[in-house]
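Here are some comments for a colleague who is beginning to read protein models. Please keep the structure open beside this note and look up each residue as it is named.

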Amino acid sequence: MRAFTAAAVQIAPRSEPLTAESIQANIEHAITWTRRCHEATRAELIVLPETVTTGFTPGVSPEELWDLMSELPARGDAAHTLIAPFADLARELDAVLCLGTYERGPERGIVYNASVIVDKDGSVLARYRKTHPFCSEAVSGGGWVTPGDTVDVCDTDFARLGMIICFDGDYPELSRIQAVRGAEVILRPTALLRSADIFELTSRARAYDNHVFVVAPNATGIDAAGVHFFGNSHIVTPIGHI
């Protein structure tokens with residue numbers, strides 16, 4: 001790993017019913033703030049919150065959410081997907097982007113809570129599907145998300161990156177697997193519903209446990225279902241300093 005600048009950008013979703021139009025507005029809003037961040041910092045790595053394209057609580061059924069989403073590649077070309085504008089932005093800024101979005105699964109009603117890393121050339125380097133959905137988020141608890149079952153790490157020209165999403169940070173083993181696979185920085189896109197203390201505690205623990213950096217942007221504002229988010233985004237050093 002070499003020295004580089006990273007940024008965690010906290011963004012408020014549209015506080016209105018989820019539609020194709022509100023998703024497009026969320027994407028445009030995220031792109032505007034990512035550009036502003038890059039102008040201010042020249043960061044090579046910019047990480048956006050969990051489900052930045054929709055807001056965390058969709059307020060629609062898994063089937064309706066599936067209809068609004070797209071499939072995502074595990075690697076390669078992001079064209080003709082919901083994240084294509086972010087691939088264009090990565091090329092424009094010459095920066096690596098990580099963002100969270102819901103992902104259409106193989107059958108209607110199967111929806112993953114995913115994050116992707118987009119390289120400076122606009123290609124997808126890695127895709128991760130949240131393995132530990134929050135109890136009310138998981139389909140098993142009456143929610144809308146089907147858990148993923150794989151872990152991915154990838155190389156950039158500045159560091160080896162891993163990904164977890166929000167509640168995943170409560171499970172030490174997941175970050176440990178990535179650290180053992182060589183991750184030097186773990187990205188944690190988040191839309192946390194509990195407390196800033198828990199958010200900070202778990203990010204600091206995972207960084208210190210594994211001697212890695214953790215970059216954790218949290219959502220702010222109010223989502224489509226009226227749920228509030230508190231921000232408190234942070235970057236943690238391998239010795240647990242915010």
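1. A search of the whole structure finds 0 disulfides, and it should be kept in mind that this is a predicted model. A disulfide is a covalent bond that joins the sulfur atoms of two cysteines.

2. How far is the sulfur of C98 from the closest cysteine sulfur? The closest one belongs to C154, and because the separation is 8.8 Å, it is too far for a bond, given that a disulfide needs the two sulfur atoms within 2.5 Å. C98 has a relative accessibility of 0%, so it counts as buried.

3. C135 tells a similar story about bonding, since its closest cysteine sulfur, in C166, is 12 Å away and therefore too far for a bond. Is C135 buried or exposed? With a relative accessible area of 54%, C135 is exposed, because the word is used for values over 50%.

4. The cysteine C166 also appears in the lining of a cavity, namely the second largest one, together with F56, K130, F134, E137, F167, A191, L192, L193 and R194. This second largest cavity holds about 80 Å³ of space, and its lining divides into 7 nonpolar and 3 charged residues, with no polar ones.

5. How many cavities of 30 Å³ or more does a search of the whole structure find? The search finds 2, and the largest has a volume of about 90 Å³. Of the 14 residues that line the largest cavity, I11, A12, P13, T51 and V52 are the closest to its centre. By class, the lining of the largest cavity has 9 nonpolar, 4 polar and 1 charged residue.

6. R194, one of the residues lining the second largest cavity, leads to D170, whose side chain makes a polar contact with the side chain of R194 at 3.0 Å. D170 sits in the loop between the strand β7 (160-163) and the helix α4 (172-180), and it is partly exposed because its relative accessible area is 26%, a value that falls between the limits of 20% and 50%.

7. Which residues does D170 touch, if those up to four places away in sequence are not counted? They are R188, R194, T202 and R206. Of these, R206 deserves a second look in the viewer: D170 and R206 are 36 residues apart along the chain, yet their C-alpha atoms are separated by 8.5 Å.

Definitions and conventions:
Residues numbered from 1 in each chain as written. Predicted model: local features only at pLDDT ≥ 70, side-chain atom pairs only at ≥ 80, totals over all residues. Heavy atoms only, no water. Helix = DSSP H or I, 4+ residues; strand = E, 2+ residues; numbered from the N terminus. Buried < 20%, exposed > 50% of the residue type's maximum accessible area, 1.4 Å probe, protein only. Contact = heavy atoms within 4.5 Å. Polar contact = N/O pair within 3.5 Å; in protein donor to acceptor, adjacent residues only side chain to side chain. 1 Å grid on protein atoms, 1.4 Å probe; cavity = no way out; pocket = protein on both sides within 12 Å on 5 of 7 lines; lining within 4 Å. Points joined across faces, edges and corners; volume = space filled by probe spheres on them. Nonpolar A, V, L, I, M, F, W, Y, C, P; charged D, E, K, R; others polar.
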